[in-house]
Every structure is written in C-alpha cells, then in structure tokens.
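Welcome! Let us take a walk through this structure together, beginning with the empty space inside.

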Amino acid sequence: MSGRRARRRDARLVPVAAAAWIAAAWSTAHAAQAGAAALVLWIGAVLAVGVAVLAARTRPRMAPGIAAVVLACAAGVCTHVATTEPARSAAAALPTAGGRALTIEATAVGKIERSTTGWRFDARLDVLRVGDTRFTQPVPLVIRSAEVPAGLDLGGRVRLSATAWQSDAGSREVLVVDATAVPELLSPPTGVLGAAAGLRRGLVALTADLPPPGGGLIAGLAVGETGAVTTELDAAMKASSLSHLTAVSGANCALVVGIAYALAAVCGLRRGIRVAAGLGALVAFVVLVSPEPSVVRAAAMAAIAMLGLLLGRTGAGLSLLTASVAILLIADPWLAGSLGFALSVAATGALLVLAGPLAEGLGRWMPAPLALLISVPLAAQLACGPLIVLITPTVSVLGVLANILAAPAAPLGTVIGLAACLSAGIPYLGSGLAALAWLPASWIAATADEVARLPGATLAWPQGEVGLVALGVVGAAVAVLIVGTRRWARAVAVLVIAASAATALATGPVADTVARAAVPPDWAIAACDVGQGDAVLVRSGESTLLIDTGPEPEPLARCLRQLGVERIDLLVLTHFDLDHRGGVRAVLGRTAAVLHGPVDGPEDERGLRDLAEGGARVTAAVRGMSGTIGAARWRVLWPRPDTPPGNDASVVVEITGGGLPSGIYLGDLSAAGQQAMAGGAVLRSGYAVVKVAHHGSADQDPRLYERLAPALALVSVGENDYDHPRRETLDLLAALGVRTARTDQDGLVVVWADAAGIHFWRERAPAAVAPGG
C-alpha cells in the first residue's frame, strides 16, 4: 500500500473525532435538548449500519460504515450529557441566588491553585445544605476561597460556609462557590493520593531554600507544582513560549514513558514488556502529579504519540489520536470547551503530522539535525498559537528560539527533579538531587527572562475569533512556504506573510503612535484597561503615581506606552491579590518608590524584593503617611498597622492639589472595610473622582459614597467578570447622580480638570469629552 493511501486510511477517523467534538460542544451548551438529540442520532446510527450491511452484499463501501461510527459517537456524547442533566438541573435550581448562606461538604478533584482573588480548585459535591434543603448529588463545583486549610490537596474533603452562583451554560461546574470563611479540612487525601501529595510537598520543601527563580521552578518542571514560581518568571515564560514546561504536558509524560521503555530495553526485556513498563510508569507519574482532567488528557495524548512513534508510522498515530479524542469526549463531553484539551490535541497532532514535513522542508536550507531541532517547537507553535490568542492577544515571536535554547535543560530538570521528589525523605540524596536540578531550572529561568526582555519578543495580536483565524492563516502560509514544493503555492504564502507583516506594523507601532496622539495631552488621572484588575495612573507635572498593576504585564505596558509614561515615581500596591500586582514586571527597573499593603507570605516578599533589586525604595503603607507627587499631595487613609492581610487591608490613598481632580482610591475594601476606614479617617466633604472598591462588587457601604459625593466613579472590571455582580453598585451610583466610567466598556479612561470643571475621555468613545461636574 502506498504512503498516500495509508495516510488516507488513517485519516478516516478524523470525521469521527470532529463529530464527537461538535456534539459535545452543542450538547453541553444545550443540555435540555441532549436527550432528544441522542435519540435522533442513535436512530441515524442504526439506519447507517443497515445501509452498510446492505452495501456489503453488493459492493463494499466505507462511507456508510464511517457514517454509522460518526453518528454513534455523537449519540454517545449526547447520551452522556442527557444522563447527567437531571442532577445538574436540580443543583442549578437550588435556592442559592441572592448570596444565600450555604453549608457545603465537597471533595477536591483538582489542584489547589492560586487565582487572582485567592485560591480555587475543582471539587465534587458531597452535601449542600441551604435552609431546610439537603442536596447530595455528586455534581462538579468550582470552590474559591481567600485561604485554604493546611494539608488540603487533591482527594481531601472540606466543609465550608459559602455563597454560590450558577455557572454559565456549557461549563463543567454547575455552581461557582465562594467560601465566606476558611474551609474546614474534614479529611486529608489518603492512599496513593495522600502519598503523592506527600511527595510533592517534600519536593517543594527541598527546593524552598534554593536561590530563586530557579529554585521555585524545579517543582514545576518535575511535577507541575507552580506555587513557588514567581509572577515575574511566570510572565517571562509565557512571553517566551516556555510556560508549557511548568504544566504537566504530553512532553513530560512522553519523557517518563521513554525513559521507562529505554530502561526495559537495556534490561533485554521483550517489546511487549517494554511497552507495559512505559505505560506503568505513565500511570504512576499521573498519580504523582495529580490525576486531574488536564493531566489525564496530557497523558492520553502522550501515550498516543508514543504508540505512533513505536509503530514507526505517524499515520497510525493520527488514527490513535482521533480515536482517543472521540473516546475522551464521550467519557467527558465538557472537554470540548477546554482550551487545555484543544492545545493538547493540537500539539500532539502537530508532532505526528507536521513536524516531519517541516524537518524535511527546513533540511533543504540547513543541516538535518538542526532542521529536526527547529521543526518540533515550530510545529507546536504553528498549531497552538491560534488557540492561545483566544485568551492572550500576543504572539511569541522568539518562542521557537527560546524552546531550542531550553531544550537541553528541560528533560534534565524534569528527570532530576522527579528523582529528587521520589527521594525527598532520604537524607542528603534528595537535597543533593534538588541542588543538581537547580542548574537546568536556572538555565530555563534565565532563558525565559532574557528572551522576554529582547526587543520584539512578543507581538500584539487581535484577540478572540478574529485573531484565531488570522494567525491560523499566517501559520498555514509559513508551513506552506517551508514544506511546499509547488512554486505557485510558495508564492501565495510569501504574499500572505508579507501582507501580515505589513498589517502587524500598521496595528503595532503605527497604531501605538495613533493611539497616543488621540489621548488628551492634559490628562491627570488614567484608568488603564487591564482586564480583571486595577491599574490607575495619577500625573502631576512630570511625576507619575501608579496604583496597582493589573493581573498581567502586557496590558499595563501597552497602557504606559499609549500614555507616554516611561518612569513611575511612586507605585502603590494596595494589596497582593494577583489582579492588583500581577503586572508589576512592566515597571520593574523603572520605579523609584513603592508603598504596599500588609505582606501575606513569601511570594509577596519575593515580589517586593524584585522591586527593591530594580532600584525602588520599598515601604509598608500605614494610615497617616503622606507625601508629594509633583505639585499634588497624597495621603494614606488606610490600613492601620494591626490590619491583617487581605482585601480589607487595601491601601486607601487620597490625592489632592496641584491642579488635579481630587481623588480617593479604595482598593478592594468590602463594606465592612469601608466602614472601618471611614470611621477614623479625616475625609474631605467631597471628591471629584472615586475609584470604586473591589471592581464594583455589590459589597459596598452606601453611606460612604454619599459622604464622598464624587462627580465621577471609575470602575475597573473585566469583560467576563462574573466574580463581582455590579448591578446594585451601579444603581447606587446612579441614584447619587454620579457619572460612571467602566474600563470593560470604555477602555482607557482619562480625567483632567480645567477652569470649566472636571472632564473625562473614553478610548472607545473618543468623541465623548464630557464635563463631569
């Protein structure tokens, strides 16, 4: 059989995987109709089987058989959704609206991870009590909490007092649960999950005293434990396309399988035993790093890729990939909406289908080993880049270079780190291996940092579906240019790439220049559009004060470029939630002084140390502090020295004088925090501008806003911010006659004062230069 015919045969399951994916995406979003759809699809599958049987009696044809499999897979997906729908609907119908108090017992089924507002983890509901109602169906939840109890890990059971919100259609979780106090640990993980959790904690402890940032990266490379990775390093790894090294990806799993297979081969074992050894090692690795859905699918993709390579046919790997996608979607239809699952499939498909042709094409211009080295990360970036811009509107221009530089260190860091993890309880051996793992980890950290600092390391790109299609077209053109043998195809590819480069120039540097020219030159206050988070600039003369940095460096850097701000004279970090300090990398090395709220843990301390090493003078803010910024004066109104860390310890600063609109900036204070702040503060009789507390959360003190009597309210929120319902707050401001500017709707908002009064300008409605009072 020719290679072309073999590829055609092995691609026959692609429609099966596509049908399963489409059915999963549709049925999870329209769960109430999933049962009816399943019935129709099962009938269609039976009819297709009948047609296939009749066709086999005359002239065998593949089409009816493939159609039957396609319909059956889609029917299986819809059937799964239909069978879970009664329990999910019952949970969604519970009387949880309006912030009603709940008591919940649940089991953690996902990693306990930091988020922009504290901690979050996937869980399975055990018991929910609300009023006289007791609900015990095991539906999926997402639990969010400002703090988590010591010892909580995957498999642990917790009890918590909480409020809950119904999630969006198509989401895996039925309810989003917000803990109102620290959850109580009912039982830690036991058995193999408990042993795995102990090993992970042991590795983190071994690496805690190793020099950062390499020390914090070891556990991420080895077992996907990223709690010790600094925000700055995380941002650098994302910018350099190295973040996959700290996630448990198919590459990690394939490495484990390959080592086990090779060791079995060295021992002279038969092929079947070698494969069994590899798969056994893979299962053990999955348990060690935590068998959450993202890890399981990465392991499945790695197993498929390894089987394809073992068989010596990428086409066979493609068949296995598509069959596995269909099976995984039948088992878990909600994977269809998971970007992680899509990235896993795209990366594995690129390895199986695209890397070889790219290596052959590049081999026309360079030595074969170098072509092979470049082809793997290039194939992954071409396949995954369009998906990544759905959430991050940037393209890593130097990602392939960073991956080539990190390639020798990544497997070393993973293998030595795993060995350190497994020997964490053995004196000297575990610590010695951890010290060895620090070397490749530090190399990777340095590579990420240096590549991210290079000019043009990232390229701004349109976000969402438009960005996906545009980058997909560019990626296809690059692949055609490298692989294509027909002159006309390569000519078209060159034209597409040239047009894309011209467009990028027009929408990058040229657009920045145009955007900067559009901003009123006399601005005094600017609320940057940084997504879910705060970043507010106050300018007096040549001096600039920045309050918080948003969750990511790039949006803040873009705002600073647009406003022409090169240096920050004073940075106020109101508190240390990620959505307020995550973008600090954008101002490292160009900040003169820092005022910050109460520190809560080593990560906060590392962030302040990085700022100090960049030349900033770092000071803890307490009520009564004051100073100047240009001709204006700032004054700290909160917190008191004894205030514990958290939202209600947010630094509240008042800025007045120097021709600026008077302003008060409330951080993330809750209603109780606002009352405590106002109880002992000397406030003005009114302010021109107020930065609304906690992104417009409903948890506000109306009496404070009546007392502040602002002319304009700035609300910094994200486009998908279901964390903080805002209708009550917006109604309150409207009732007080306060004009509102929201960064999620208005983009960048700037405010200034002149003889005619207070004015504001909105980026997304630039004609609306309106007096604010």
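What you see is a predicted model, and its largest cavity has a volume of about 110 Å³. Lining that cavity are 13 residues, and those closest to its centre are E232, R581, V584, E603 and G607. Where does the lining come from? Two helices, α7 (231-239) and α22 (602-613), each supply at least two of its residues. The biggest share belongs to α22, which gives six residues. Sorted by class, the lining holds five nonpolar, three polar and five charged residues. In total, the structure has three cavities of 30 Å³ or more.

Now turn to helix α14, which spans residues 399-406. Which of its residues are buried? They include G399, V400, A402, N403 and A406. Looking down the axis of α14, you would find these buried residues within an arc of 160°, so they line one face of the helix. Several elements help to cover the buried residues of α14, among them the helices α13 (368-388), α15 (409-422) and α16 (429-453), along with the strand β9 (394-396).

Finally, how confident is the predictor in what you are looking at? Across the protein chain the pLDDT averages 85, and 90% of the residues score at least 70. Two stretches deserve some caution when you read the picture. Residues 719-725 stay under a pLDDT of 50, and the model gives them 19 contacts beyond four places in sequence. Over residues 767-773 the pLDDT is also below 50, and this stretch has 20 contacts in the model beyond near neighbours in sequence.

How values were computed. Residues are numbered from 1 along each chain as its sequence is written. This is a predicted model: local features need pLDDT of at least 70, side-chain atom pairs count only at pLDDT 80 or more; totals for chains, interfaces and linings use all residues. Side-chain values use heavy atoms; hydrogens and water are left out. On a 1 Å grid over the protein atoms alone, a cavity is a set of points where a 1.4 Å probe fits but cannot get out, and a pocket is an open set with protein on both sides within 12 Å along at least five of seven lines; lining residues have an atom within 4 Å of a point. Grid points are joined across faces, edges and corners, and a volume is the space filled by probe spheres set on the points. Helices (H or I, at least four residues) and strands (E, at least two) are DSSP runs, numbered from the N terminus. Ala, Val, Leu, Ile, Met, Phe, Trp, Tyr, Cys and Pro count as nonpolar, Asp, Glu, Lys and Arg as charged, and the others, Gly among them, as polar. pLDDT is the predictor's confidence in each residue, from 0 to 100. Contact means heavy atoms within 4.5 Å. Buried means under 20% relative accessible area, exposed over 50%, partly exposed in between (1.4 Å probe, protein chains only). The arc is that of the directions from the helix axis to the C-beta atoms.
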